[in-house]
Amino acid sequence: MPDAMTAEVRAARTMRREPLGVRLSGRGGQGVMLAGAIFATAAMYDGRHVVETPTYGPEARLGATKVEIVLSEHEIAFPAVEKADLLLCLSRDAYVKYGRAVAPDALVVVDETALPTSADLPPGLVRLPLRAVARELGAEMVTNVLALGAIVGLSDAVSSRSLERAVEEAVRGKDELREVNRRALQAGLDLGRAGRAAGGGWAGGRAAVRRD
Amino acid sequence: MRLVMGNEAVALGALAAGCDFYAGYPITPASEILEGMAHLLPPRGGVFLQMEDELGALAAVVGAAWGGARAMTATAGPGFSLMQEHIGYAAITQTPCVVVDVQRGGPSTGLPTLPSQGDAMQARWGTHGDRPAIVLTAASVREAYDATIRAFALAEQYRQPVVLLLDAVVAHMREPVDLPPPPPPSRQRPRPSAEPPFGEHPFTPFGSGRAVVVTGLSHDDEGLPRTGSARASERMLRATEARMAADPALGGLTSYRLDGARLAVLSYGVTARVARAAIDALRGAGQAVGGLELTVLWPFPEQGVVDLAGQVDAILVPELNLGQMVLPVRAAVAGRCRVESLGRADGTLFQPDDLVAAVRAMPHDSPVGREARHA
Amino acid sequence: MPRIGEDLQRYLRTEMMPTVWCPGCGHGNIARAIAAALEHLAYDPERVVLVGGIGCSGRTPFYFRTNALHTTHGRALAFATGLKLARPDLKVVVVTGDGDALAIGGNHFIHAARRNLDVAVVLYNNSIYGMTGGQQAPTTPVGARSTTSLSGAIEPAFDAVELAMAAGASYVARTTTFDVQEMPLLIADAIEHPGFALVEVLTQCPTYYGRLNRLGEAPEMLLWERDQTEPAQAPITREEMAAGRPIGVFRREVRPEFTRSYAALCERLGAGADG
Ligand SMILES: Cc1ncc(C[n+]2csc(CCOP(=O)(O)OP(=O)(O)O)c2C)c(N)n1
Ligand code: SF4
């Protein structure tokens, strides 16, 4: 790992829980599986242990679908995520299905369309216009990468540098996709950091309440 | 380093072992092995064949092995049941080949996408009649890769079908591993051999310069069908089983934080990972608990379990079935300590907390328990 | 075609004889015809694999000096598929019964035909299960008796020739054990054919089919076979096919063969010369 990265990596590590259980969810077709692979790859670039478990079969294509990633400084014994420490929901049905299986002070990031009402948001929940911003960038299909940026902007669960590298890796050979993904990642990071500055995300390991 | 899925590691392990023939039939959660081989073998000049069913898949594998190929198939529960007749055929005909079974919830179509360890006994006793059996298992992507390579080596060493049992979790998860690129394909043409083709003699596929007779009937060392005292195939099966039992290199046990343990968790496959997490938690709380993990289910590594029984007061055997490997554990322990079965067959993994609670509930001093508790 | 020679010792494992077959069983005639075909083609026995299923017919490979792969019930073609793909240089001949090929092995039969795998299949059709004692087969004609249809079969029978044609076999022929001259020539023709080649041979099982249906002993059954069938000239119409049991060659065409297509695929994907 190059030295230049260590500050970021350290930031990621201080923010981490041990082990950290991440669940990314959405509808089939929203690129959730790819997001999981990118996120896990970023964790690997950070030098951490990682187990990623995608969903296969019809479940991965229809309705709510999820990918789970466990990150740790140590070898990972239990490979599944029961109560997520970090949950992303890109769709309403994903929120309905997975919204409850979270750790007590989990960080939950939802697209605004996944949770249309702004009343009575549970603590630790951050509602962001992920799909809308992706559309503004000209491609809703980059919502997944934008969402990863947002998560990392909020939590530093992996370093942004590793995330960037993993995204580059995912679009390697697909020149027409590189630029829009780059912009999506940056927009996501900005969204996340702004959200964090406004009190969302993890502060000192505890999720802050955010109501908007 | 890159993220590799368990099923992909199996395909790469097969190539590393020199596998040049794959026949299979699509089934969840093993299909990525089929697809991986479909992608990897043809450019190497190896044979990939999608058969019309699993009986046909293992038949094609055995046929190819007799053509001199290093051959493999992979399947899951229902397909593994269909393959049983040909596992027996491969055993009596001393055909080296590898069968990967990614276990899923059963019986029948059961829980197609969910993990299970329900085939531990089928892998041993599924075919009719008696036979020696080698059944390996793996708990991580790296182990799946290594176990696949080992399966081919053992298949050739013992001239028997070797089964690798995975589960849907290990098969589908991705972990960072550093795997060498597959070696270039190398098909050795069979060497001419004057020795009889069966019994203790080396494997002599077709086209080795002499005609060979292969049959699933009881036969002599020439392969000709025989009944009565000349039934060399029965002697061969017994002798092979004895050689396996006496082979220390087969091993099959890995211990985890066992020193000073008074209680042990004996597990395999994905459950061994859960056990490690539970043991760490219990050790952290001051309990003298350790783990013993099976990497070879059959031949059952009996001596290691006997030794364990001499050390601890009780052994917990958690499995994603309703109590299969606990049976040979009980037989080996033979009353030396308490053995508790913790079974679960609902398609969900044990949580570390489940095992923590089960260990805490084990009485240390009471006489040998026989009850299985089914979560 | 030249005359078939008589010295079959090179191909027949005479020390394994007498065979398991009943006196008068037609399976021996077919085995002899296969040996004659191999002799006619002058194949090196070591380069030939006879793959047999389970049944009286499936025992054939034991009486040959070729390689023998005596497999499981119904699966001979599946074993042959793997073997042939692994070793396209070996000649593979499958010997199978009507129950073996069309009941338990029906699926492998149609798929091997569909793939146009380069194997010759000699299907011993005695209209009954011989090995297990005379039960109904998928070839038992309506009205015929077996130990599981003592009042006469009510299920329509399969026609192996039509089945093979529909499934895509590129060579399809039928003969009988009465046609002793023609049988080895057809089998030789099938072995030489580059693709899936079926020779269905109507054969007599005096022990079960003959006795249960009062058809007499072997000589009477041979005449019955003769009377059942009609030599036909290819191409044959559907009406002719349906009307009786024509014998002869019904299809001989060259279509892409599976092992060659597979080799071409490997080459296209860049496989080296050692593929
Ligand atoms: C899986 C399986 N099912 C059933 C059998 C029993 N069995 C042996 S031979 C046979 C029928 C053979 O009939 P056919 O194929 O017509 O050949 P024939 O004996 O008439 O030549 C059967 C049912 C078996 N060996 N294996
Ligand atoms: S039972 Fe019938 S088919 Fe079998 S050997 Fe006897 S006569 Fe032939």
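**Exercise 1. Among the two pairs of chains that touch, work out which has the most contacts.**

Solution. Start with the cut-off: a contact means heavy atoms within 4.5 Å. By that rule, the winner among the two touching pairs is chains B and C. Next, look at chains A and C: they do not touch, and their nearest C-alpha atoms sit 20 Å apart.

A quick word on the setup: this is a predicted model, where local features need pLDDT of at least 70 and side-chain atom pairs count only at pLDDT 80 or more, while totals for chains, interfaces and linings use all residues. Residues are numbered from 1 along each chain as its sequence is written, chains are lettered from A and ligands numbered from 1 in the order in which they are written, and side-chain values use heavy atoms, with hydrogens and water left out.

**Exercise 2. Find what A:Arg182 pairs with in a salt bridge, and which helices the pair ties together.**

Solution. First, the rule: a salt bridge is a side-chain nitrogen of Lys or Arg within 4 Å of a carboxyl oxygen of Asp or Glu. Over all chains, that gives 40 salt bridges. For A:Arg182 the partner is A:Glu168, with the closest N and O atoms 3.1 Å apart. A:Arg182 lies in helix α8 (residues 175–197) of chain A and A:Glu168 in helix α7 (residues 160–170) of chain A, so the bridge ties together parts 14 residues apart in sequence. Helices here are DSSP runs (H or I, at least four residues) and strands likewise (E, at least two), numbered from the N terminus.

**Exercise 3. Decide whether B:Glu175 and B:Arg273 are buried or exposed, and say where in chain B they sit.**

Solution. These two side chains meet in a salt bridge at 3.0 Å, N to O. B:Glu175 is in strand β9 (residues 174–177) of chain B and B:Arg273 in helix α9 (residues 270–284) of chain B, 98 residues apart. Now apply the relative accessible area cut-offs: buried is under 20%, exposed over 50%, partly exposed in between (1.4 Å probe, protein chains only). Both residues come out buried.

**Exercise 4. Sort the shell around ligand 2 into nonpolar, polar and charged.**

Solution. Take residues with a heavy atom within 4 Å of the ligand; among them are C:Trp21, C:His27, C:Asn126 and C:Tyr208. Ala, Val, Leu, Ile, Met, Phe, Trp, Tyr, Cys and Pro count as nonpolar, Asp, Glu, Lys and Arg as charged, and the others, Gly among them, as polar. The tally is seven nonpolar, four polar and no charged. Helix α7 (residues 206–212) of chain C gives the most, three residues.
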